[in-house]
Protein chains: 4
Amino acid sequence: MAESIEKETGRVEAFSDGVFAIAITLLVLEFKVPHMPAGANGRELVLALLKLWPSMIAFLGSFIAILIMWINHHGLFRMIYKTDSPFLFANGFMLLMVTFVPFPTAVLAEYLGTPGERVAAAFYIGTFVVTSIAYNIFWATTTKRRLLKHNIPDAFVLRVRNGYRFGLVVYIASTLLALWNASVGLATCLSLWIYWSVFEYRAE
Amino acid sequence: MAESIEKETGRVEAFSDGVFAIAITLLVLEFKVPHMPAGANGRELVLALLKLWPSMIAFLGSFIAILIMWINHHGLFRMIYKTDSPFLFANGFMLLMVTFVPFPTAVLAEYLGTPGERVAAAFYIGTFVVTSIAYNIFWATTTKRRLLKHNIPDAFVLRVRNGYRFGLVVYIASTLLALWNASVGLATCLSLWIYWSVFEYRAE
Amino acid sequence: MAESIEKETGRVEAFSDGVFAIAITLLVLEFKVPHMPAGANGRELVLALLKLWPSMIAFLGSFIAILIMWINHHGLFRMIYKTDSPFLFANGFMLLMVTFVPFPTAVLAEYLGTPGERVAAAFYIGTFVVTSIAYNIFWATTTKRRLLKHNIPDAFVLRVRNGYRFGLVVYIASTLLALWNASVGLATCLSLWIYWSVFEYRAE
Amino acid sequence: MAESIEKETGRVEAFSDGVFAIAITLLVLEFKVPHMPAGANGRELVLALLKLWPSMIAFLGSFIAILIMWINHHGLFRMIYKTDSPFLFANGFMLLMVTFVPFPTAVLAEYLGTPGERVAAAFYIGTFVVTSIAYNIFWATTTKRRLLKHNIPDAFVLRVRNGYRFGLVVYIASTLLALWNASVGLATCLSLWIYWSVFEYRAE
């Protein structure tokens with residue numbers, strides 16, 4: 001019976017891993033090959049490629065974001081020993097947000113550097129606000145329903161919860177900042193990811 | 001020998017899981033970045049994004065549908081201990097329908113809110129009619145050919161069969177309703193998914 | 001050591017399974033949502049969807065083809081207990097052809113029913129001629145380099161070899177027939193797939 | 001505890017394998033179906049397909065490149081028995097480059113045979129320069145932080161390091177050559193891949 005439960009967790013995790021891997025690889029489709037008149041020379045192609053800097057920023061940002069989300073998801077699942085229905089719903093909500101990321105990424109790539117960039121940046125970071133809510137719900141569900149392994153200390157549960165709440169606050173702040181200035185909002189968001197990358201790994 | 005059979009089931013399941021994970025992640029490609037004149041400001045971008053509500057409905061609906069289909073597929077496979085050729089054909093038919101879902105989703109997203117929405121909604125829900133037929137065939141094949149584990153009670157087999165037949169009837173009714181009114185048809189279909197989500201998890 | 005080799009085979013197979021699952025799911029991208037003037041009504045959408053019959057034929061054909069190729073690949077790997085470099089090259093050649101299938105599928109969908117359909121059908125079936133060559137090379141490599149499990153009888157090795165040679169001959173004939181009449185060529189090709197589906201499963 | 005660490009390595013590898021499998025299968029999306037006037041005949045379609053030779057070269061090159069990168073990645077992971085944070089960052093950098101490959105591939109396919117081909121080829125090979133830097137960083141991280149299994153001889157560690165440095169030098173040279181003549185640069189790059197294919201497998 002225990003084996004059966006273990007296997008069930010494994011399948012959910014394998015499916016989730018697949019979704020993360022596909023979403024992170026689909027990001028590249030957002031790059032559009034610059035089309036130019038047939039006689040365009042090398043210099044013109046260089047300029048056209050350099051004009052793709054918003055695509056590059058959006059691509060790098062989303063790659064880092066999904067990678068952190070995967071590492072996080074992965075770390076959470078290592079502490080879980082059984083699943084139930086609200087847990088699967090909460091996990092489904094997280095996956096929904098992961099599969100959605102390529103779209104706001106493409107919107108940001110299209111409008112960064114244009115008058116619409118503040119809205120595009122707010123839409124982009126706003127996606128991560130909802131994603132953050134999904135992670136908060138996931139952790140609340142997991143802990144309240146006692147799905148964690150028995151050797152996970154309460155202090156750790158609290159630290160994760162506070163970390164996720166902190167993330168949500170920073171995301172909301174970044175979204176508001178982006179409505180005032182796109183670059184400042186995106187930089188705040190990126191700072192969070194860099195902080196998480198370092199913090200995450202130190203903590204392990 | 002038993003190990004070999006077990007492994008075989010595992011591979012079919014892993015391949016199927018991959019198809020489900022990819023199909024659910026490809027749904028996002030249906031969102032088209034709104035293209036606007038170069039000088040478009042933030043307000044115009046907000047309006048353009050809000051106009052994507054049909055894409056959002058189609059995306060959410062199909063995400064929920066594929067997720068339920070995966071959970072279902074997954075639950076069925078846990079009760080199966082061996083495979084044979086008609087079983088693999090039936091499974092192939094289900095996967096065919098899963099990979100097809102992104103196309104009617106894109107059609108619905110394009111025509112919801114236009115005069116063609118009733119046809120688009122009927123085409124969309126009609127896809128799930130065929131998917132439902134595939135699930136009914138799958139279950140009939142699995143039970144008739146005695147591929148289930150020995151500890152599965154007959155009452156359970158019957159309950160699943162009736163559940164799938166009920167689903168097929170509701171899908172057909174939703175398709176007909178959609179030809180009369182797209183929103184009513186889609187709402188009926190969504191009700192089925194919500195009912196299944198709750199029922200499914202309670203039953204486990 | 002044996003474990004290490006076993007694991008190696010498993011990884012190659014898992015990677016190959018991923019490629020098959022993605023290629024079969026990407027086929028749906030070949031369907032293009034019909035774009036119509038804003039005031040188009042339901043009847044016009046029905047007609048536009050019905051005009052997609054070439055896409056449907058191409059989609060169904062390629063789905064069946066890749067599914068058979070996967071089942072086949074899968075069956076072959078169950079008989080193999082170790083790998084070496086020419087084996088990995090031969091497997092890579094097969095995967096190259098699998099990932100390529102969505103393109104001739106899209107070409108067939110675009111030109112079926114137009115004056116260019118004979119060339120499109122020949123290009124489509126011609127892709128499977130090369131795929132068939134890849135499978136023949138794979139089997140020749142596997143048997144000549146003694147990578148099979150010891151309990152595989154010589155009669156079986158011969159039967160597989162003859163089956164692959166037979167497939168290659170039928171594919172070449174179908175390609176030539178398609179240059180004369182697209183429908184006849186495609187029907188011949190489809191007959192082979194149906195024959196294989198039945199034969200394959202009976203044999204197991 | 002050792003089991004837990006082993007499992008962790010397995011998950012990272014499975015995620016990476018997924019990314020490689022998806023990136024290699026997405027390459028086919030770079031092929032664009034030639035659109036022609038409705039009355040176009042077979043001869044015109046043949047000519048249109050033949051004009052896709054740059055797409056074919058770019059597709060084959062990138063397929064071989066990603067396949068070699070996967071085999072390489074795979075071989076490295078077999079020698080590693082634990083992970084830590086810099087290791088995961090280095091692996092993430094490699095995956096970033098793998099997911100990016102389809103874009104320069106599409107650029108090369110678009111501009112090969114046009115006046116912009118030298119820039120396109122340099123951009124294409126330049127991507128592999130950065131990829132090569134990622135592999136060099138990965139190996140330096142792995143060895144310096146003592147993540148290798150204990151039975152890996154120092155001579156082997158050195159040979160891999162020198163192989164990666166050699167690759168980096170050849171890639172830089174190929175990029176510079178491509179700026180002078182696209183074909184020469186690409187041929188140099190291809191020679192490296194062929195050399196690696198043979199060398200790699202002999203060494204194992």
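Me: Do chains A and B meet through the same or different surfaces?
Reply: Happy to help; this is a predicted model, where local features need pLDDT of at least 70, side-chain atom pairs count only at pLDDT 80 or more, and totals for chains, interfaces and linings use all residues. Residues are numbered from 1 along each chain as its sequence is written, while chains are lettered from A and ligands numbered from 1 in the order in which they are written. Only 8% of the interface residues of chain B are also interface residues in chain A, so the copies meet through different surfaces.

Me: Which helix of chain B gives the most to the side that touches chain A?
Reply: Contact here puts C-beta atoms, placed from the backbone, within 7 Å, and the contact takes 26 residues from each of chain B and chain A. Helices (DSSP runs of H or I, at least four residues, numbered from the N terminus) 1 (2–26), 2 (42–50) and 3 (53–77) of chain B each give two or more residues to that side. With seven residues, the top contributor is helix 1 of chain B.

Me: What axis relates chain B to chain A?
Reply: Superposing by least squares on C-alpha atoms of residues with pLDDT of at least 70 in both, a rotation of 90° with 0.0 Å of shift along its axis brings chain B onto chain A (RMSD 0.0 Å). That is the relation of a four-fold axis.

Me: Which residues of helix 6 of chain D make the contact with helix 2 of chain A?
Reply: Helix 2 of chain A contributes A:Gly42, A:Leu45, A:Val46 and A:Leu49. Across from them, helix 6 of chain D contributes D:Arg118, D:Val119, D:Ala120 and D:Phe123.

Note on methods:
Contact = placed C-beta atoms within 7 Å.
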